[in-house]
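Please open the model in your viewer and keep the selection panel at hand. The tour below goes from single residues to open and enclosed spaces, with a selection to make at each stop.

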Amino acid sequence: MIYIKSKNSNDLFIDVSIKLLNDGEIISPRGLKTLELQHVWLELTNPGNSIVSLKSRNANKNYLKNELKWYLSGSLDAKDITKHSKFWDKLKDSNGTINSNYGFLVLKEKFNGISQYEWCINSINNDVNTRQAVINYNQPKHKYDTNRDFVCTLAQHFMVRNGKLDSTVFMRSNDLIFGLTYDLPWFCLIQKRMAKNLNLKLGTYRHYAASLHVYEKHFSMLKNISKEKYARKTIHQQVQDS
């Protein structure tokens, strides 16, 4: 098990990049060269700081805003997200739909008359010590041969401990660059929203990935990200010395 902890997403991202470069192994799922770490446990002690703003990552904040809006809309129509990123064109089904609209799975889809988000709220309200407040993202309905969008996230779990709402996400597969960059703000958004709905303090965000990886096309970016730790420390030291 690999364990990395930080109070902000930037340092977490840098530390993961360094670990990938030092200890990652090359695999080739679907014939794509990939650098992988297995069984990675990340801990973000301040879920309010979930947006990666590293210069070397250069994340598209406009896309992130539109992806979050798309999630909250619950739309499964690929056209509603492909206008912001053509990446989703490769994942849509023959009928033009996407499986990985996390907002649909969390907020819109109903089971026994309620959403999974509502299930978690009710579970915690009924028993503040419950361990049953779980959202299932990857579901049996996603297991069909022609599926090009097999949901990467398995579940998100919520527990109240020491008066704070903690959350843990479990992922079968997690691409660092296109995945974690944009997934982290969503998972933390749901945690923050739930804490507010339950009138609880925000706790710790934890993230488990069975496979955390980077594809070959992003190897150069990964190296640049890993170098930012030294640059950030240098700037911090200059501030202290001034």
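## First stop: His213

Select His213 together with the residues that it touches when those up to four places away in sequence are not counted, namely Leu20, Thr34, Leu35, Glu36, Ser173, Asn174, Asp175 and Leu176, where contact means heavy atoms within 4.5 Å. Before going on, note that this is a predicted model, in which local features need pLDDT of at least 70 and side-chain atom pairs count only at pLDDT 80 or more, whereas totals for chains, interfaces and linings use all residues. Residues are numbered from 1 along each chain as its sequence is written, and side-chain values use heavy atoms, with hydrogens and water left out.

His213 is found in strand E10, residues 201-215; helices (H or I, at least four residues) and strands (E, at least two) are DSSP runs numbered from the N terminus. With a relative accessible area of 6%, His213 is buried, a class that means under 20% relative accessible area, against over 50% for exposed and partly exposed in between, with a 1.4 Å probe and protein chains only.

## Second stop: Ser167

Move next to strand E8, residues 164-171, where Ser167 lies. Ser167 also counts as buried, at 1% relative accessibility. Which residues should be displayed around Ser167? Leaving aside those up to four places away in sequence, Ser167 touches Gln156, His157, Phe158, Gln191, Thr204, Tyr205 and Arg206.

Draw two distances from the side chain of Ser167: a polar contact of 3.0 Å joins it to the side chain of Gln156, and it reaches the backbone oxygen of His157 at 3.4 Å. A polar contact is a pair of N or O atoms within 3.5 Å; within protein, one must be able to donate a hydrogen and the other to accept it, and residues adjacent in sequence count only if both atoms are side-chain atoms. To link the two stops, add Glu36, a contact of His213, which is 131 residues from Ser167 in sequence and 24 Å away in space, C-alpha to C-alpha.

## Third stop: the pockets

A pocket is defined on a 1 Å grid over the protein atoms alone as an open set of points with protein on both sides within 12 Å along at least five of seven lines, and lining residues have an atom within 4 Å of a point. About 1,000 Å³ of space lies in the largest pocket. Of the 37 residues lining it, select Phe87, Leu91, Asp175, Phe178 and Tyr215, the closest to its centre. H6 gives the most to this lining, with four residues, and by class the lining has 16 nonpolar, ten polar and eleven charged residues.

The second largest pocket, of about 160 Å³, is displayed by selecting Phe111, Asn112, Ile114, Ser115, Gln116, Trp119, Val134, Asn136 and Gln139. Strand E5 (114-115), helix H5 (116-126) and strand E6 (133-136) each supply at least two residues of this lining.

## Last stop: the cavity

The structure holds one cavity of 30 Å³ or more, a cavity being a set of points where a 1.4 Å probe fits but cannot get out. Its volume is about 40 Å³, and Ile51, Val52, Ala59, Lys61, Leu64, Thr181, Tyr182 and Pro185 line it. Colour helix H2 (61-73) and helix H6 (176-197), each of which supplies at least two residues of the lining.

Terms used. Points joined across faces, edges and corners; volume = space filled by probe spheres on them. Nonpolar A, V, L, I, M, F, W, Y, C, P; charged D, E, K, R; others polar.
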